[in-house]
Amino acid sequence: MTDTLLPAAPQPLEKEDDGYFRKGCNPLAQTGRSKLQNQRAALNQQILKAVRMRTGAENLLKAATNQKVREQVRLELSFLNSDLQMLKEELEGLNISVGVYQSTEEAFTIPLIPLGLKETKDVDFSVVLKDFILEHYSEDSYLYEDEIADLMDLRQACRTPSRDEAGVELLLSYFIQLGFVESRFFPPTRQMGILFTWYDSLTGVPVSQQNLLLEKASILFNIGALYTQIGTRCNRQTEAGLQSTVDAFQRAAGVLNYLKETFTHTPSYDMSPAMLSVLVKMMLAQAQESTFEKICLSGIQNEFFVLVKVAQEAAKVGEVYRQLYTAMNQEPVKENIPYSWASLACVKAHHYEALAHYFTATLLIDHQLKPGSDEDHQEKCLSQLYDHMPEGMTPLATLKNIHQRQRLGKSHLCRAVTHHEESVREASLCKKLRNIEVLQEVLSAAHQRSRLKYTQLRDDYDLLSLINVPDIISKTEREVEIIPPQFSKVTVTDFFQKLGPLSVFSANKRWTPPRSIHFTAEEGDLGFTLRGHSPVQVHFLDPYCSAAVAGAKEGDYIVSIQDVDCKWLTVSEVMKLLKSFGQNDIEMKVVSLLDATSSMHSKCATYSVGMQKTYSMICLATDDDDKTDKTKKISKKLSFLSWNTNKNRQKSASTLCLPSVGVRVVGPPVKKKLPSPFSLLTSDSSLY
């Protein structure tokens, strides 16, 4: 789990019977990360209980008229608020537990911040999907028990993904699979009765929705969080490890930015646009920091032009962390961002600004303009180091005058010491940062180095001769950028492709029940032609042929012939099958497409404890009336963090009855290209 990240091929799927199932990590394994995630799950439950008790007490306070009762309720509220604050501080402590996610290699580097995975509750798809298959597709739902179990197993595995590329591909495969599931089983005009519950990664507050978009958004958040954990796991003592760190944080920023732009009305604090903007900035800042470490990995040569480059690179890191710290202190994220994260951003801003001034002082003090030196190049570099030179100084004159160089260099050293002292002070003010030993060691060593160099050059007249030096202009040769998520790199097969091509057999289209057409081919003439791809349609129907007399119509889709599933067969394959029966009686099942339903999404009911109402949380007035017996027929849940080593073969009885239809299903060819589920990610469908 803690080895250096290497570009590994995705783990092969494990085959069980006729399906494929990927496992997640064992959450019961005694690893630091699993223990931390178990603590997070337990804290989420405690926070949920405390928030519910506080909500009940607040309602009682509003309803009570007796003064003694009101005083007692106020006292209970104060205890509940204190208890809730302690729980949230404990959750913040888990969010800053960076040591668990770092590489085990001995490293003298400042830790990076990973994101914790969002926790969720178990979801039972079996009853609802079986009923929908019977009602909407008119098929025997028991033929799809394995596929439903595969879907539930995949979701369960996604709760504990491995911390590598295989874990990312596991989450991506489930996200893409959700696109297929949404198209097949979630009509835009009705709620399906499946309640998805996810806990806020930062506050622990649960959010529940009968909407698949919350599930998809939460999976995307966990993909970004998993990338951050991969980035912090890399060995930052090697060039390959640092490159993997930069790549992981850029991909994390890309996933979180995609989440912000696609799912614009998420009801969870950690997925709000403002919070996601801050998290994207944090990922890019850590990628820029790793880029600086990569430049300094082989050592910094005490050479003029090298020091100019390193000083500006350090200034760039300080600048992005300064911008991040400013963003973390803006409303509304200020109330929910962990205090330790904001403190660490401030510490790093001061630390890298101090390094920029230290390297600038070194190039001014340790290097003199000698005969034969490239004066023009050095003058250009020094002029580009500042936005303006100090008053009374010019670049060339400063390079030639040793006293001016010493004076300007000591001023930069004084500024570096000031920033180092500020970074040490900020780290000491935060209890969580005080406990990170490697952070304290790095800050102390950098501070002592600057003080030692300044002490060697200090004289009694420094207080009068030192000048107020300008800031170093930030510049980098390796600008980090957002890497968008690459969904196409993961090949996913629709679990429910036996239902037929998604372009025709989807939740937003309605058909008549299958009709049996008994006919014969008179002298080899069927009386109709075929058209279309899979599935094929009846075309140019002779109104006097035996098929038309039996009830066939032009435009009918052929779903089976003599109990052979034809939904995935082409025109030539269906024609060959029909002609193989010769003059014998043929039984053909067809369906007719009815009017298309409206594609406009209805508002969904959302429940979020302790959260103010937003557009996405407008509940349907008839939410309680819409609950059917389906939601009550939930099978026994698994334990909260159970590890699925076996399939969830739950034989849940359907609430609908199926007419007796004997259809022999032929497995559809796997190589058929399915429509992309991402055609649903439009501006309309992305709204909650």
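Buried means under 20% relative accessible area, exposed over 50%, and partly exposed in between, with a 1.4 Å probe and protein chains only as cover. By that cut-off, 54% of the 688 residues of the chain count as buried.

The model is predicted: local features need pLDDT of at least 70, side-chain atom pairs count only at pLDDT 80 or more, and totals for chains, interfaces and linings use all residues. Residues are numbered from 1 along each chain as its sequence is written, and side-chain values use heavy atoms, with hydrogens and water left out.

**Exercise 1. Compare the end-to-end distance of helix α15 with its expected span, and state which residues of α15 are buried and which are exposed.**

Step 1. Helices (H or I, at least four residues) and strands (E, at least two) are DSSP runs, numbered from the N terminus. On this basis the chain has 19 helices and eleven strands.

Step 2. The expected span of a helix is 1.5 Å times one less than its number of residues. Helix α15 covers residues 437–457, 21 residues, so it should span 30 Å; the C-alpha atoms at its ends are 31 Å apart, which agrees.

Step 3. The buried residues of α15 are Leu439, Val442, Leu443, Ala446, His447, Ser450, Lys453 and Tyr454. They cover an arc of only 130° around the axis, which puts them on the same side of α15. The arc is that of the directions from the helix axis to the C-beta atoms.

Step 4. Glu437, Leu452 and Gln456 are exposed, on the other side of α15.

**Exercise 2. Determine how many residues of α10 are buried, and place serine 343.**

Step 1. α10 has 27 residues and reaches 39 Å from its first C-alpha to its last, close to the 39 Å expected at 1.5 Å a residue.

Step 2. Of these 27 residues, 26 are buried, so that α10 is mostly covered.

Step 3. Serine 343 lies in α10, residues 339–365, and counts as buried at 4% relative accessibility.

Step 4. Contact means heavy atoms within 4.5 Å. Leaving aside neighbours within four places in sequence, serine 343 is in contact with Cys430 and Leu433.

**Exercise 3. List the contacts of leucine 115 and of glutamine 288, leaving aside neighbours within four places in sequence.**

Step 1. Leucine 115 lies in the loop between α2 (67–95) and α3 (126–137). At 1% relative accessibility, leucine 115 counts as buried.

Step 2. The contacts of leucine 115 are Phe221, Ala225, Thr228, Gln229, Leu256, Leu279, Met282, Met283 and Trp341. From leucine 115 to leucine 279 the separation is 164 residues in sequence and 9.2 Å in space, C-alpha to C-alpha.

Step 3. Glutamine 288 lies in helix α8, residues 273–296, and is also buried, at 1% relative accessibility. Glutamine 288 touches Glu313, Lys316, Val317, Val320, Thr476, Arg478, Glu479 and Val480.

Step 4. Over the chain, 79% of contacts between residues at least 6 apart in sequence join residues at least 24 apart.

**Exercise 4. Count the aromatic pairs and classify the one formed by phenylalanine 132 and phenylalanine 185.**

Step 1. Rings of Phe, Tyr and Trp (its six-membered ring) pair if their centres lie within 6.5 Å; planes under 30 degrees apart count as stacked, over 60 as edge-to-face and the rest as tilted. The count comes to 14 aromatic pairs.

Step 2. The rings of phenylalanine 132 and phenylalanine 185 are 6.0 Å apart, centre to centre, with 70° between the planes, and the pair is edge-to-face.

Step 3. Phenylalanine 132 lies in helix α3 and phenylalanine 185 in helix α5 (residues 165–185), so the pair ties together parts that are 53 residues apart in sequence.

Step 4. Phenylalanine 132 is buried at 1% relative accessibility, and phenylalanine 185 at 0%.

Step 5. Ring pairs link Phe132, Tyr137, Phe185, Phe496, Phe505 and Trp511 into a cluster.

**Exercise 5. Locate the backbone features at proline 332, proline 535 and phenylalanine 540.**

Step 1. Most residues other than glycine have a negative phi, and most peptide bonds are trans.

Step 2. Glutamate 331 and proline 332 are joined by a cis peptide bond with omega about 5°; proline 332 is in the loop between α9 (304–328) and α10.

Step 3. Serine 534 and proline 535 are joined by a cis peptide bond with omega about -5°; proline 535 is in the loop between β6 (529–531) and β7 (537–539).

Step 4. Phenylalanine 540 has a positive phi near 50° and is in the loop between β7 and α17 (546–549). Phenylalanine 540 is exposed, at 58% relative accessible area.
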